[in-house]
Amino acid sequence: GATRLLAVERVFTAPPPRWPVEAVYDGRIRLLGVDAPPRLQPGASLTVTVTWQAVQTIDESYTAFIHLIGPDGRLVAQEDRLPANGARPTTSWLPGEVIVDRLELALPDELSAGRYTLEVGWYDANRPGLPRLLLADGADAVRLGELIH
């Protein structure tokens, strides 16, 4: 069989996000910002764009997660997957490289009125207990801006 090599486009400059945030997960992955619409539409898909940057070479393949937390503190929707729909695992990142990742959250048909919060983080799906990467303050996710319904 023939082997086919595909070039990876590498980006080292981040686009300006709606919510600029800087947080570093376990000294490996930097969160630079998030873009999301300010309002939620029940039953629709919520597109969230997260901009990451590799702080160093990463030997493990981490899974990103994004959660939508309801006004009552409960999880309403989530998406867990490898970056860029699996096309850009963290093991392929170069130090300083910027990865713009678009995640889709399927929203339930019924959403109560109120303010919803997005949170993002990383975990190791290859280890028992799915350990999360931690931030300098010991948290295991970054809580981002609020969306309204």
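In this predicted model, strands β7 and β8, the latter spanning residues 142–148, pair in the antiparallel sense over five bridges. Within that pairing, Thr117 of the one strand stands opposite Glu146 in β8. Strand β7 also has a partner in strand β4, which covers residues 63–69 and runs antiparallel to β7, with seven bridges joining the two. Here His67 is the residue that stands opposite Glu119 in β7.

How is β7 placed with respect to the rest of the structure? Of the nine residues in this strand, which runs from 115 to 123, eight are buried, and β7 is therefore largely enclosed by the rest of the structure. The term buried is used here for residues with under 20% relative accessible area.

From this strand the reader may turn to the nonpolar interior. The largest nonpolar core holds 35 residues, and the members with the most contacts inside it are Tyr25, Leu31, Trp52 and Leu118. At least two residues of this core come from each of β1 (19–25), β2 (29–35), β3 (45–54), β4, β6 (98–106), β7 and β8. Strand β3 gives the most to this core, contributing five residues.

The aromatic side chains can be followed separately. A pair of aromatic rings is described by the distance of the centres and the angle of the planes. With ring centres required to lie within 6.5 Å, the count comes to four aromatic pairs. Ring pairs link Tyr25, Trp52, Trp93 and Trp122 into a cluster, and Tyr25 and Trp52 are also among the residues with the most contacts inside the largest nonpolar core.

Seen as a whole, the protein chain contains eight strands and zero helices, so that the pattern read along the sequence is β-β-β-β-β-β-β-β. Its radius of gyration is 16 Å, close to the 15 Å that the globule rule gives for 149 residues, and the protein chain is therefore as compact as a globular protein of that length. Taken along the principal axes, the box filled by the C-alpha atoms of the protein chain is roughly 50 × 40 × 35 Å.

Two further values describe how the protein chain is covered, for buried residues make up 40% of its 149 residues, while its accessible surface comes to about 8100 Å², of which 50% belongs to carbon and sulfur atoms. As for contacts along the sequence, among those in the protein chain with a separation of 6 or more, residues 24 or more positions apart account for 68%.

Note on methods
Residues numbered from 1 in each chain as written. Predicted model: local features only at pLDDT ≥ 70, side-chain atom pairs only at ≥ 80, totals over all residues. Heavy atoms only, no water. Buried < 20%, exposed > 50% of the residue type's maximum accessible area, 1.4 Å probe, protein only. Helix = DSSP H or I, 4+ residues; strand = E, 2+ residues; numbered from the N terminus. Pairing = 2+ DSSP bridges. Core = buried A, V, L, I, M, F, W, Y, C linked by side-chain atoms within 4.5 Å. Phe/Tyr/Trp six-rings, centres within 6.5 Å; stacked < 30°, edge-to-face > 60°. Rg over C-alpha atoms; globule rule 2.2 N^0.38 Å. Contact = heavy atoms within 4.5 Å. Areas by Shrake-Rupley, 256 points an atom, 1.4 Å probe, with all protein chains shown as cover.
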